[in-house]
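The following exercises are meant to be worked through with the sequence and the coordinates side by side. Each task is followed by a solution that proceeds in steps.

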Amino acid sequence: MSIEQVMRERLQAAFQPTALQVVNESHRHKGHAGDDGSGESHFAVIIRAPALAALGRVARHRAVHQALGDVVGRIHALSVDAG
């Protein structure tokens with residue numbers, strides 16, 4: 001299973017979002033620092049969920065990172081737009 005799919009499943013299970021996008025942006029970083037050649041090194045997450053809406057920005061980011069668990073350590077970069 002791809003990292004993108006694992007991320008999608010974990011975020012869905014943790015937050016039951018009303019909107020969720022997991023975008024693999026690795027192709028935009030080819031040859032840059034952190035590009036391990038796997039094609040799964042840089043991601044953006046856009047998520048909207050009632051459970052996140054009540055939290056402050058830092059708490060939302062922490063909650064997303066916690067839900068992703070070990071995936072965060074397996075990638076180089078993660079952009080989060082949560083609310």
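Helices and strands are here DSSP runs, of at least four residues in state H or I for a helix and at least two in state E for a strand, and they are numbered from the N terminus. The model is a predicted one.

**Exercise 1. Establish the order of the elements along the chain, and state what share of the residues is buried.**

Solution. Begin with the inventory, which comprises four helices and three strands. Reading from the N terminus, these elements follow one another as α-β-β-α-α-α-β. Turn next to burial, for which the cut-off is a relative accessible area under 20%; of the 83 residues in the chain, 31% are buried. Finally, consider how the contacts span the sequence: among those between residues at least 6 apart, 60% join residues at least 24 apart.

**Exercise 2. Describe how α1 and α3 pack, giving the angle, the class of the angle and the handedness of the crossing.**

Solution. Locate the two helices first, α1 at residues 3-15 and α3 at residues 57-68; their axes lie 9 Å apart and form an angle of about 120°. Because of this angle, α1 is oblique to α3, given that 65 to 115 degrees would count as roughly perpendicular and over 145 as roughly antiparallel. The crossing of α1 and α3 is right-handed. Then list the residues that meet: α1 contributes Met7, Arg10, Leu11, Ala14 and Phe15, while α3 contributes Ala63, Val64, Ala67 and Leu68. Sorted by character, the residues of this contact comprise eight nonpolar, one charged and no polar.

**Exercise 3. Determine whether the loop residue Thr18 is buried or exposed, and find its contacts beyond four places in sequence.**

Solution. Place Thr18 in the loop that leads from α1 to β1 (19-24). Its relative accessible area is 65%, and Thr18 is therefore exposed, the cut-off being over 50%. Beyond its neighbours within four places in sequence, Thr18 touches Arg48, Ala49 and Pro50. With Ala49, the separation is 31 residues in sequence, yet 5.5 Å from C-alpha to C-alpha.

**Exercise 4. Carry out the analysis for Ile75, asking whether this residue is buried or exposed.**

Solution. Ile75 belongs to the loop between α4 (71-74) and β3 (77-82). Its relative accessibility is 11%, so Ile75 counts as buried. When neighbours within four places in sequence are set aside, the contacts of Ile75 are Ile3, Glu40, Ser41 and Phe43. For Ile3, which is 72 residues away along the chain, the C-alpha atoms of the pair are 8.6 Å apart.

Definitions and conventions
Residues are numbered from 1 along each chain as its sequence is written. This is a predicted model: local features need pLDDT of at least 70, side-chain atom pairs count only at pLDDT 80 or more; totals for chains, interfaces and linings use all residues. Side-chain values use heavy atoms; hydrogens and water are left out. Axes are lines fitted to C-alpha atoms, for helices over the stretch in contact, and angles run from 0 to 180 degrees between N-to-C directions. Angles under 35 degrees count as roughly parallel, over 145 as roughly antiparallel, 65 to 115 as roughly perpendicular and the rest as oblique. A crossing is left-handed if the near helix is turned anticlockwise from the far one by less than a right angle, and right-handed if clockwise. Contact means heavy atoms within 4.5 Å. Ala, Val, Leu, Ile, Met, Phe, Trp, Tyr, Cys and Pro count as nonpolar, Asp, Glu, Lys and Arg as charged, and the others, Gly among them, as polar. Buried means under 20% relative accessible area, exposed over 50%, partly exposed in between (1.4 Å probe, protein chains only).
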